[in-house]
Amino acid sequence: IFDYANKLNLQGWVKNLDNGDVKAVIQGPNIKIDHLIKMMDEYSFADIDKVKKTETEINEEFEGFEIR
């Protein structure tokens with residue numbers, strides 16, 4: 001997710017959770033976010049069971065994309 005997000009110039013972060021899930025906060029144009037989700041599903045080594053997409057306020061503190 002990290003490499004794909006950077007290639008698409010998206011902002012935010014990604015984190016592996018203790019239960020094996022992955023949580024990401026991603027900012028950018030919807031078309032790029034949708035493309036990122038599609039890329040993860042098609043080219044990732046992980047199995048994606050569910051994606052929850054929620055719109056939130058823009059966070060001006062994000063500078064690029066990071067792993068937490």
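Two strands count as paired if DSSP finds at least two bridges between them. The model discussed here is predicted.

Q: How many bridges join strand 1 to strand 2?
A: Strand 1 covers residues 11–16, and strand 1 and strand 2 run antiparallel. Within this pairing, Trp13 stands opposite Val25 of strand 2. The number of bridges joining the two strands is 6.

Q: Which residue takes a positive phi in the hairpin of strand 1 and strand 2?
A: The hairpin has 5 residues between the strands. A positive phi near 95 degrees is found there at Gly20.

Q: Is Gln27 buried or exposed?
A: Gln27 is found in strand 2. Leaving aside neighbours within four places in sequence, its contacts include Leu10, Ile33, Glu57 and Phe62. Buried means under 20% relative accessible area. Gln27 has a relative accessible area of 14%, so this residue is buried.

Q: Within what arc do the buried residues of helix 2 fall, seen down its axis?
A: Helix 2 spans residues 30–43 and reaches 20 Å from its first C-alpha to its last, close to the 20 Å expected. Its buried residues are Ile33, Leu36, Met39 and Met40. They line one face of the helix because, seen down the axis, they fall within an arc of 120 degrees.

Q: Which residues are exposed on the other side of helix 2?
A: The buried residues of helix 2 are covered by elements including helix 1 (2–7) and strand 2 (22–27). On the other side of helix 2, the exposed residues are Ile31 and Asp41.

Key
Residues numbered from 1 in each chain as written. Predicted model: local features only at pLDDT ≥ 70, side-chain atom pairs only at ≥ 80, totals over all residues. Heavy atoms only, no water. Helix = DSSP H or I, 4+ residues; strand = E, 2+ residues; numbered from the N terminus. Expected span 1.5 Å × (residues − 1). Buried < 20%, exposed > 50% of the residue type's maximum accessible area, 1.4 Å probe, protein only. Arc of directions from axis to C-beta. Contact = heavy atoms within 4.5 Å.
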